[in-house]
Every structure is written in C-alpha cells, then in structure tokens.
Amino acid sequence: MTSPRPSSPAPARPAVRLIATDLDGTLLRDDKSVSERTVAALAAAERAGIEVFFVTGRPARWMDVVSDHVHGHGLAICANGAAVVDLHAGGAFLEVRPLPRPTALDVVRALRAAAPGTSFAVELTTGIHYEPQYPPFFLDPGATVATAEKLLYEEEPGVAAPVLKLLAQHPELDPDVFLATAREAAGDLASFTRSSPTALIEISALGVSKASTLALCCAQRGITADQVAAFGDMPNDIEMLSWAGRSYAMGNAHADVIAAASGRTVGNNEDGVAVVIERLVAEALAADPAALAEEGPVQAHGAGGR
C-alpha cells in the first residue's frame with residue numbers, strides 16, 4: 001500500500017504594502033468623524049511601512065475631514081478616480097481624468113430620454129454647479145444654477161475647467177433601477193456608478209473608476225494588486241474591491257459589494273476598517289522582528305472582523 005504523499009504547504013499570501021479605503025460608510029462613522037481607534041490604526045500602518053490611500057467619491061474640497069490623518073505621501077484619490085490630489089498641499093490637483101464636455105452632453109440627452117424627470121449637477125475642478133430642480137444636498141454659495149446644457153457649454157473647446165463628474169438624480173426611481181437604466185442608455189459613453197442611498201448616479205469618463213486610478217498609483221510605486229487591501233461599502237467601490245488582492249466589505253455594505261469582496265468586517269460605526277488594519281499591522285510586524293522591536297506590541301481591542 002502506497003503511503004499518501006505529504007500535502008504541499010499553501011503558498012504564503014503576499015504582504016500588504018498599501019491600504020485603500022473608501023470614506024463615507026467605511027472609514028468614517030455615520031457622524032462623519034474618524035474615531036480615535038481608526039486614527040491610531042492608520043498611524044500604525046504607516047509606521048509599519050504600509051501606505052494608506054483614501055479613495056472616495058468626494059471632491060477634493062470635502063477632504064478636510066481626513067486631511068489631518070494622511071501620512072507620508074499625502075495623496076488621495078477623489079471624485080471616484082477622476083482626480084489625484086495632494087492633501088499636504090490643501091487638496092491641490094496632481095492628476096485629472098476628466099469627462100469630456102461633448103460626451104457629458106450626450107449622456108444628459110440620453111438620460112433625459114431614458115428617465116424623464118432626471119436633474120443634473122456638474123462637478124468641475126473649480127466647484128459644483130447644478131440645475132434648478134437638483135436637490136439641495138450639494139448646494140454651494142458659489143454655484144451657477146442653469147440647465148446642464150448651459151453648464152456644459154464651452155465657447156472655445158479645451159478652455160473651460162475640466163469636468164470631474166456629472167451627477168444625475170431622479171425623484172422617484174429605485175436607486176439600483178436608475179443605475180441600470182442609465183448604464184443601458186449610455187453605458188458606451190461613460191462610466192456610471194452610485195454611492196448614495198438615494199437615486200443619485202455619478203458619471204465619469206469611460207474607464208475612470210476608483211479601481212483604475214488606484215491601479216495607476218500603485219503601478220507608479222511598484223505595488224501589485226495582490227499587495228493591496230481595500231475597503232468599501234457601496235457600488236462605487238465594487239471595481240476597487242474586485243481588483244485588490246484582499247478586499248473587505250463593511251458590515252453595513254450594499255449586497256453587491258458583499259458579493260464582490262473577498263472578506264468582510266464589522267460596520268463603519270464599529271471601526272471595521274481599524275479592526276482589519278490592526279490585524280494587517282500585526283501580520284507585518286510579526287514578519288519583521290526588527291520592526292516589531294521598534295514599533296512595540298500591537299494593542300489588542302477585542303473586537304474581531306468577520
């Protein structure tokens with residue numbers, strides 16, 4: 001009788017070199033605060049040599065909530081991948097992946113036909129502008145109020161401020177139905193996603209997403225997808241979670257996000273990102289005893305991710 005062959009050990013998982021985290025509903029609590037535990041976890045990751053990137057649908061002007069907690073490089077990916085900004089320089093734009101204005105106009109026409117009642121806002125590098133019917137959530141004292149066609153009009157092509165994203169809102173449709181309708185109507189023109197619990201769609205240039213811009217930033221650093229751990233909770237995080245080697249859906253995540261992620265953690269109000277980061281830091285330090293001696297013991301907090 002032949003003895004069974006010894007099983008080969010499972011290959012070791014690549015060490016995490018970069019953490020990419022969404023903000024609203026993920027890193028931030030519902031009151032938009034960053035907990036002390038999360039602040040400590042972010043700092044510990046940086047000290048352990050793990051870079052942290054905030055990857056959000058927010059515009060650069062709304063990044064003050066986390067600007068004090070970015071370390072090292074100071075970079076963040078904003079507007080669902082349409083911009084890379086330097087938080088150490090007050091949110092200065094380092095790279096912009098704009099939505100061409102003629103394309104944005106074609107999308108407006110397509111959605112007006114496919115979903116009558118849709119209203120629009122236009123997010124530029126200089127601020128947001130919106131239609132009269134657009135809900136007041138994004139109101140800005142310096143905004144221009146006009147039809148999307150007027151907001152997107154460019155007297156001389158290439159001169160006006162770049163369009164980071166177009167926002168479309170519908171007062172009655174189910175959010176997922178609205179997203180599916182928009183993709184069917186104009187999915188060959190632009191990238192469509194959503195991060196709001198309401199029927200609010202975010203529209204970027206074709207191929208622009210959190211994932212594609214994060215991949216570019218990682219390539220510049222010689223970091224591969226399997227060395228990235230990503231966190232998110234809404235459909236605009238799905239591509240990023242699918243791309244990263246390790247990905248975690250929050251306990252409060254949309255069902256499609258849970259399906260896309262390779263792992264789960266507890267909700268944003270329970271510091272789900274910090275729960276995992278603490279494990280990743282402990283893993284990194286255990287693999288490097290010299291670093292462990294410098295860092296000191298990792299603090300245990302009792303709560304476990306799932």
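The questions and answers below deal with the sheet and the nonpolar core of a predicted model.

This is a predicted model in which local features need pLDDT of at least 70, side-chain atom pairs count only at pLDDT 80 or more, and totals for chains, interfaces and linings use all residues. Residues are numbered from 1 along each chain as its sequence is written, and side-chain values use heavy atoms, leaving out hydrogens and water.

Reader: Which strands stand at the edges of the open sheet?
Author: Strands are DSSP runs of E, at least two residues long, and helices are runs of H or I, at least four, both numbered from the N terminus. Two strands pair if DSSP finds at least two bridges between them. Eight strands form the open sheet, with mixed pairing, in the order β5-β4-β3-β2-β1-β11-β12-β13. One side of each edge strand is left without a neighbour in the sheet, because each has a single partner strand; the two are β5 (92–96) and β13 (263–264).

Reader: What is the bridge partner of Ala229 in β12?
Author: Strands β11 (residues 228–232) and β12 (residues 246–249) run parallel and are joined by four bridges. In β12, Ala229 is paired with Arg246.

Reader: Which helix gives the most to the largest nonpolar core?
Author: A nonpolar core is a set of buried (under 20% relative accessible area, 1.4 Å probe, protein chains only) Ala, Val, Leu, Ile, Met, Phe, Trp, Tyr and Cys residues joined through side-chain atoms within 4.5 Å. The largest has 64 residues, and Ile19 and Ile277 are among those with the most contacts (heavy atoms within 4.5 Å) inside it. Seven of its residues come from helix α9 (residues 272–286).

Definitions and conventions:
Buried means under 20% relative accessible area, exposed over 50%, partly exposed in between (1.4 Å probe, protein chains only).
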